[in-house]
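These are my notebook entries on chain contacts, symmetry and two helices. I set each term down with its cut-offs where I first needed it.

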4 protein chains.
Amino acid sequence: MNGRPLPPSRDLRLVHVDARERQSVVSLRPGGPSFGGEELAICAGPCAIESREQIVATAAAVARAGANVLRGGAFKPRTSPYSFQGLGREGLAMMREAADLYGLAVVTEVLDPRDADVVAESAEMLQIGARNMQNTALLRAVGETGKPVLLKRGLAATVDEWLLAAEYIALTGNERIVLCERGVRSFDPATRNLLDLSVVPLLARRTHLPAIVDPSHGTGVAGLVAAMGLAAVAAGAAGIMVEVHPDPASAVSDGMQSLTFAEFDTFMESMPAVAAAVGRRLPQRFAGVPLNAIPPS
Amino acid sequence: MNGRPLPPSRDLRLVHVDARERQSVVSLRPGGPSFGGEELAICAGPCAIESREQIVATAAAVARAGANVLRGGAFKPRTSPYSFQGLGREGLAMMREAADLYGLAVVTEVLDPRDADVVAESAEMLQIGARNMQNTALLRAVGETGKPVLLKRGLAATVDEWLLAAEYIALTGNERIVLCERGVRSFDPATRNLLDLSVVPLLARRTHLPAIVDPSHGTGVAGLVAAMGLAAVAAGAAGIMVEVHPDPASAVSDGMQSLTFAEFDTFMESMPAVAAAVGRRLPQRFAGVPLNAIPPS
Amino acid sequence: MNGRPLPPSRDLRLVHVDARERQSVVSLRPGGPSFGGEELAICAGPCAIESREQIVATAAAVARAGANVLRGGAFKPRTSPYSFQGLGREGLAMMREAADLYGLAVVTEVLDPRDADVVAESAEMLQIGARNMQNTALLRAVGETGKPVLLKRGLAATVDEWLLAAEYIALTGNERIVLCERGVRSFDPATRNLLDLSVVPLLARRTHLPAIVDPSHGTGVAGLVAAMGLAAVAAGAAGIMVEVHPDPASAVSDGMQSLTFAEFDTFMESMPAVAAAVGRRLPQRFAGVPLNAIPPS
Amino acid sequence: MNGRPLPPSRDLRLVHVDARERQSVVSLRPGGPSFGGEELAICAGPCAIESREQIVATAAAVARAGANVLRGGAFKPRTSPYSFQGLGREGLAMMREAADLYGLAVVTEVLDPRDADVVAESAEMLQIGARNMQNTALLRAVGETGKPVLLKRGLAATVDEWLLAAEYIALTGNERIVLCERGVRSFDPATRNLLDLSVVPLLARRTHLPAIVDPSHGTGVAGLVAAMGLAAVAAGAAGIMVEVHPDPASAVSDGMQSLTFAEFDTFMESMPAVAAAVGRRLPQRFAGVPLNAIPPS
């Protein structure tokens with residue numbers, strides 16, 4: 001171990017353009033959230049969509065605090081088959097409605113290549129989760145929808161393996177890919193995962209694709225999320241993804257790492273100064289009444 | 001870190017019976033190879049099926065050396081999209097033919113839930129690779145074929161996560177599952193992966209499912225395969241999976257870790273004494289002429 | 001792995017006071033550099049002291065850019081016995097002179113308990129390196145000098161093990177301890193180590209001791225140092241430690257991760273805005289002529 | 001990650017002779033235990049020497065079961081300063097007496113370079129523990145005693161780093177070095193460490209020094225020790241080191257991983273067949289009365 005980093009894989013043909021020459025900006029809709037520009041992308045929401053009330057309340061809270069993308073799982077990848085597997089299509093519809101009420105875009109995970117088209121109808125951005133980073137059938141199916149893709153890093157994936165997974169997507173003709181660091185496996189049980197922020201500047205030297213950071217999964221501890229979110233922005237991340245829940249203690253999954261509405265609000269208030277220090281700015285907060293109120297079903 | 005192991009997950013409802021109370025035996029066909037009994041399962045063959053000649057020659061060589069299951073990839077999970085992705089259905093047919101000629105069963109990997117039924121028609125056993133250990137759509141699709149499943153451990157999967165992946169399969173009603181240790185991620189570049197043999201006795205205390213070991217992927221170095229194969233059997237493994245290639249230097253993948261026919265032969269000659277020392281025995285070697293010779297296509 | 005962090009060790013009797021209740025400030029001399037207050041500690045200098053010219057030039061450059069502590073190794077812990085082992089006492093004297101010329105304090109490593117007193121005569125702060133984090137004889141010897149101690153995290157040390165090492169020092173009656181995160185072992189050869197910034201907010205919840213970050217060892221790649229230094233400050237670090245060398249390409253050790261004078265200068269110019277965003281400020285830059293010029297020997 | 005192992009360090013000048021060309025045999029005394037020959041070295045005993053009764057009873061039990069080296073800690077490297085630190089010189093004397101009664105050699109750890117000579121007076125072999133593998137002052141001091149050295153692998157040491165630590169010892173003129181694999185850090189809490197048996201055949205290709213395996217620390221679970229001890233011998237280890245205690249449940253340290261006398265006896269009965277399968281044999285069991293009975297103090 002002489003500390004000399006290996007050269008990047010020569011198979012990075014599409015995604016390997018130094019971001020300092022050409023930084024891609026992945027836009028979710030005209031005038032809407034984008035990744036890689038001056039404005040940060042702030043993705044927030046619950047781990048899983050649990051009910052219409054839960055997702056609407058969370059959408060309202062995060063939009064008012066300054067988020068511009070609603071995250072939330074309808075198809076959930078769970079370690080145990082007995083854990084809550086998500087509300088599926090019904091959850092997608094709830095999430096779409098909630099997002100529309102507060103002017104948010106939607107990012108949500110796809111687990112099965114046969115679901116890619118259905119999810120693409122309801123979401124501006126499709127997520128590949130950490131467990132599926134090298135699920136090549138899924139990478140291709142999601143790429144082929146033509147929608148922007150959020151590609152999370154695998155639990156023990158090297159940067160090269162991660163970029164090669166992006167290359168699988170890019171080969172479908174779809175280069176609207178955003179990378180998301182969410183922590184890797186570690187020997188220390190003090191945190192759930194080990195958030196590897198050094199990939200933020202490293203990726204900027206290896207790819208034109210923007211990268212964001214998920215400090216919620218990356219630490220697994222709500223009390224560490226704000227500090228690591230600020231650090232991610234200082235390191236140059238194009239955005240963050242944060243779990244927020246109306247009542248973390250009663251969440252069906254990942255409660256320990258979810259912020260309350262008040263915690264998320266405080267966190268968002270600390271962001272603009274750090275963002276400005278590195279030449280970035282926050283999205284505008286949603287103000288006013290829901291855009292498209294519809295009666296509850 | 002006080003070294004106290006955590007208790008196993010309470011969600012191991014189907015697969016969690018102590019093997020010392022009830023050790024499952026997974027049989028591939030009547031009178032044929034089985035996993036978990038007195039006779040070891042010896043799975044051998046190339047990383048990828050490259051041609052009819054290659055797979056037939058390898059089948060002959062490994063059967064004569066004492067293997068009873070032919071391994072080989074027709075659908076290959078590759079880190080890079082530019083690497084050889086396998087011969088697909090054509091490869092499956094070549095492998096089936098080669099196995100039948102020499103009385104071998106077939107184990108091969110499935111990458112896409114939509115391929116599970118097709119592969120099940122050609123193989124006695126379906127493999128879930130390390131990269132897909134938590135691909136729940138695939139776990140369910142493969143389980144539903146009713147065929148025996150070889151479930152490789154994920155690159156950084158804990159034993160509990162691995163057993164919960166097996167539980168996903170078992171919940172389809174199919175408990176004919178064999179676990180395969182193939183090495184985990186490590187900090188030491190001296191080997192490709194770190195082969196974790198301690199899971200062999202550990203699994204025996206946590207599950208009734210048999211477990212085998214793949215020292216080829218587990219080390220990534222041909223010169224270490226034989227010693228680790230012997231160690232696996234001494235630790236109590238129900239079998240081994242070894243990469244063998246007619247000409248490792250020209251293999252399209254994994255050549256560095258593949259044994260030549262002569263190396264595999266020498267290795268197999270060293271096995272019976274170790275197997276006997278722990279109460280196991282080797283399958284009979286194939287002797288004589290091909291069983292079902294058909295003219296080359 | 002349910003993501004629930006373990007409670008901290010109950011053996012953290014001296015060092016375990018939540019920093020939000022009482023944050024220790026470790027001061028190196030009256031009015032001089034301190035760790036844990038509003039002003040950041042900026043430790044900079046070469047990996048190893050190579051010559052009087054090298055260390056004097058570096059001291060001048062880092063002091064003028066805003067560092068307040070000179071780092072540099074006189075006794076070097078090297079993986080290979082054939083690598084440069086440092087200039088020893090002669091190096092200490094050179095470093096002391098260079099620091100005095102530019103108003104800097106000195107931090108340098110001790111490798112042998114029998115050297116603790118000698119090093120304590122030349123340095124304001126004694127460093128325990130990562131390889132010796134659990135060298136209990138050294139922890140006690142360094143603690144007993146009564147001097148401030150910089151305790152680097154071991155290559156694969158958990159936070160609890162690290163704090164228990166600090167407890168060994170504290171038990172000598174010396175609680176002037178500063179923790180330094182410098183990266184842990186990882187599976188990804190893209191960086192030399194994996195910088196674990198999440199320990200910064202985590203330590204703040206477990207100990208009153210201040211913590212700094214070494215992005216040079218933490219990444220091993222000069223091009224990543226500035227981004228990770230900014231991230232460390234945003235995460236709440238009390239300071240940073242950075243390798244700077246007049247000519248990294250010709251450095252006898254760690255050249256790949258060392259900044260040039262110009263790179264360090266640029267980095268320091270980007271710091272005040274981030275520091276201010278989290279309520280911290282930089283030390284004053286050294287301006288003017290050397291304080292105590294003595295003719296070269 | 002292309003799986004291609006790195007070439008070994010070019011700084012392995014003394015210890016890097018392929019064992020297949022010249023396998024060193026490290027002998028503890030004429031006609032006594034040796035490492036690297038046909039006869040295995042079986043090192044057994046408690047984690048820590050707790051009392052004269054405990055160490056004498058254990059020496060008797062392990063000698064009668066077939067061990068030829070007594071292990072036990074008088075100077076204990078403990079993670080917490082509040083844990084039992086060992087009986088020191090008094091413990092050394094107890095251990096010496098117990099070993100002499102039953103014809104055993106003694107291996108015990110040195111923690112401080114200032115203790116090397118004292119320990120060398122009481123023990124045939126000096127141990128460098130995992131936490132001190134890169135404590136170069138200690139490596140030199142222990143090497144300079146001229147006694148055989150047991151060098152345990154660091155918690156996250158690569159094979160190259162480990163061999164370079166051996167090179168530090170060899171440079172003192174003392175090449176009587178035995179390497180001991182004792183598990184490395186892992187992400188899976190199911191075991192205390194991850195026992196890396198692949199180093200056994202790997203070391204045989206990189207060094208002439210013999211290597212043994214410690215399955216007690218390597219797994220941290222008593223129930224896994226026997227299987228992993230057999231696997232170590234099958235992989236080619238020159239011996240094993242096992243923790244044995246009269247009453248593991250009341251041990252002051254490492255009780256969870258210690259075997260009872262009966263468990264050790266059963267384990268040793270399973271060894272000869274595996275040893276014979278790989279061309280090795282066990283030492284003779286001690287039979288008869290204590291050699292040098294002295295009245296208890």
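Entry 1, chains C and B. I looked up this contact and found eight residues from chain C and eight residues from chain B, two residues being in contact if their C-beta atoms, placed from the backbone, lie within 7 Å. The side of chain C that touches chain B is made up of three nonpolar, two polar and three charged residues. For these classes I took Ala, Val, Leu, Ile, Met, Phe, Trp, Tyr, Cys and Pro as nonpolar, Asp, Glu, Lys and Arg as charged, and the others, Gly among them, as polar.

I note that this is a predicted model, in which local features need pLDDT of at least 70 and side-chain atom pairs count only at pLDDT 80 or more, while totals for chains, interfaces and linings use all residues. Residues are numbered from 1 along each chain as its sequence is written, and chains are lettered from A and ligands numbered from 1 in the order in which they are written.

I then superposed chain C on chain B: a rotation of 180° with 0.0 Å of shift along its axis gives an RMSD of 0.0 Å. The C-alpha of chain C nearest that axis belongs to C:F187, 2.2 Å from it. Superposition is by least squares on the C-alpha atoms of residues with pLDDT of at least 70 in both copies. Because 100% of the interface residues of chain C are also interface residues in chain B, the copies meet through the same surface.

Entry 2, chains B and D. Here 40 residues of chain B are in contact with 41 residues of chain D. Helix 5 (159-170), helix 6 (199-206), helix 8 (222-235) and helix 9 (261-277) of chain B each supply at least two residues of that side of chain B. I count helices (H or I, at least four residues) and strands (E, at least two) as DSSP runs, numbered from the N terminus. Helix 8 of chain B gives the most, with eight residues. By class, the side of chain B that touches chain D has 26 nonpolar, eight polar and six charged residues.

A turn of 180° and a shift of 0.0 Å along the axis lay chain B on chain D with an RMSD of 0.0 Å. This is the relation of a two-fold axis. In chain B, the C-alpha of B:A231 is nearest the axis, 2.1 Å from it.

Entry 3, helix 5 of chain B. I asked how many of its residues are buried. The count is 12 of its 12 residues, where buried means that 20 or more other C-beta atoms lie within 10 Å of the residue's own. Among them are B:W162, B:L163 and B:Y168. Their cover includes helix 4 (136-144), strand 7 (149-152), strand 8 (177-181) and helix 6 of chain B.

Entry 4, helix 9 of chain C. I found a kink of about 30° at C:M271, shortly before the proline C:P272; the bend is the angle between axes fitted to the seven residues ending there and the seven starting there. C:M271 is buried in this helix, as are C:F264, C:F267, C:M268, C:V274 and C:A277. Helix 8 (222-235) and helix 9 (261-277) of chain A are included in what covers the buried residues. Just after the helix, C:G279 takes a positive phi of about 80°.
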